[in-house]
Amino acid sequence: MHCALYDAGRCRSCQWIEQPLDTQLADKMTDLRALLAELPVGDWCAPVSGPEQAFRNKAKMVVSGSVEKPLLGMLHRDGTPVDLTECPLYPASFYAVFAALKPFIARAGLTPYNVARKRGELKYLLLTESTLDGGLMLRFVLRSTTKLEALRAALPALLAQLPQLTVVTANIQPVHMAIMEGDQEIWLTEQQALAENFNGVPLWIRPQSFFQTNPTVASALYAAARDWVRALPVDHMWDLFCGVGGFGLHCATPEMTLTGIEIAPEAIASASASAQQLGLRNVHFQALDSTDFATGQQAVPDLVLVNPPRRGIGEALCDYLSRMAPQYIIYSSCNARTMAKDIRQLPGYRIARVQLFDMFPHTAHYEVLTLLVRQ
């Protein structure tokens with residue numbers, strides 16, 4: 001993939017961009033095999049990759065510059081801004097939105113936040129697209145509510161110019177730290193969630209809930225988990241760290257009991273709405289800490305699916321699963337190092353199947369799905 005920003009030395013986020021995709025994929029497989037070298041694997045499934053550019057459904061843009069000439073992109077560690085509106089990882093549909101947002105910032109008087117001076121109002125723009133219908137969710141991350149009414153007043157013109165903007169919010173993040181968003185979300189449109197659909201499963205993207213940034217590969221990841229689970233004798237499963245329910249909703253059948261646990265209430269609202277659309281009656285989603293929920297139970301289901309953040313599931317949950325010994329564990333990980341560490345703390349299990357998903361081309365990062373079977 002060619003990137004003018006990389007060639008000019010302005011952005012080095014895609015550190016592997018000079019390598020062909022097949023070389024990148026081979027190197028990732030080598031890394032995964034090394035991490036699991038001491039753990040016998042029954043079946044190494046073929047790795048899954050997607051397009052090398054225009055694959056991202058989300059842009060997280062730091063707003064810098066001046067109100068008359070805002071820059072959308074990132075800040076280097078020394079504070080130097082870089083405009084990333086022409087990043088080839090974004091779909092072409094984003095470019096028109098970025099072009100419209102720059103003059104809109106000026107019209108609304110949304111002064112970019114200056115980190116050094118601790119002044120200004122607009123910190124970030126967060127843009128997400130649905131592959132279902134091209135609808136967009138736009139979030140303005142503001143330092144305070146000072147410019148909220150000016151934003152409301154200017155918004156109708158932007159919505160008329162960009163009718164694909166179906167969800168617009170203002171997020172209030174008052175802390176002078178590199179924190180992407182605050183707790184307070186203010187909806188500026190009637191619609192509060194973006195409709196999405198992977199493999200015939202309706203999903204909802206809401207503010208403050210995690211959603212995969214590579215829809216093509218994420219669809220394949222969910223489909224693989226579905227196929228693995230449905231080949232097993234499973235009547236009851238837990239989906240821990242479930243997010244918006246992508247894994248559990250793909251795996252569930254009308255006869256199966258599904259319990260989904262996620263700490264973010266917004267994500268649980270999305271998962272519950274999807275379950276209702278699918279007509280699943282034996283599905284229960286709750287906004288709780290996954291480890292606290294699991295370790296407080298006296299019994300486990302046939303299968304426990306975990307999809308933790310980069311830190312992994314941790315010692316407490318590993319100890320609990322080792323002691324309670326569900327027949328199957330499916331581990332979806334965005335950090336194979338912590339996954340390998342966790343699996344070593346599950347000595348009563350063998351690795352039946354592993355598959356790598358190249359969710360992040362041009363970087364060393366990848367997702368991996370692993371099926372563990374009790375010995």
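Two residues are in contact when they have heavy atoms within 4.5 Å. Keep that in mind as you work through this predicted model.

**Exercise 1. Find the surroundings of F285 and place this residue in its core.**

Step 1: Set aside the neighbours of F285 within four places in sequence. The contacts of F285 are then C242, G245, L249, L258, G260, I268, A271, S272 and A275.

Step 2: Now look at the largest nonpolar core, which has 46 residues. F285 is listed with M237, L303, I330, L369 and L371 as touching the most other members. Helix α5 (residues 215-230) gives this core its largest share, eight residues.

Step 3: Look beyond it, and you will find another core of 45 residues lying apart, with M61, L125, L151 and L165 among them.

**Exercise 2. Work out which parts of the chain the D31 salt bridge links, and whether its partners are buried or exposed.**

Step 1: The partner of D31 is R337, with the closest N and O atoms 2.8 Å apart.

Step 2: D31 sits in helix α2 (residues 21-35) and R337 in helix α10 (residues 336-344), 306 residues apart.

Step 3: Buried means under 20% relative accessible area and exposed over 50%. D31 has 22%, so it counts as partly exposed; R337, at 49%, is partly exposed too.

**Exercise 3. Explain what the salt bridge between R353 and D43 ties together.**

Step 1: The two side chains meet at 3.9 Å, N to O.

Step 2: R353 belongs to strand β15 (residues 349-357) and D43 to the loop between α2 and β1, so the pair ties together parts 310 residues apart in sequence.

Methods:
Residues numbered from 1 in each chain as written. Predicted model: local features only at pLDDT ≥ 70, side-chain atom pairs only at ≥ 80, totals over all residues. Heavy atoms only, no water. Core = buried A, V, L, I, M, F, W, Y, C linked by side-chain atoms within 4.5 Å. Buried < 20%, exposed > 50% of the residue type's maximum accessible area, 1.4 Å probe, protein only. Helix = DSSP H or I, 4+ residues; strand = E, 2+ residues; numbered from the N terminus. Salt bridge = Lys/Arg side-chain N within 4 Å of Asp/Glu carboxyl O.
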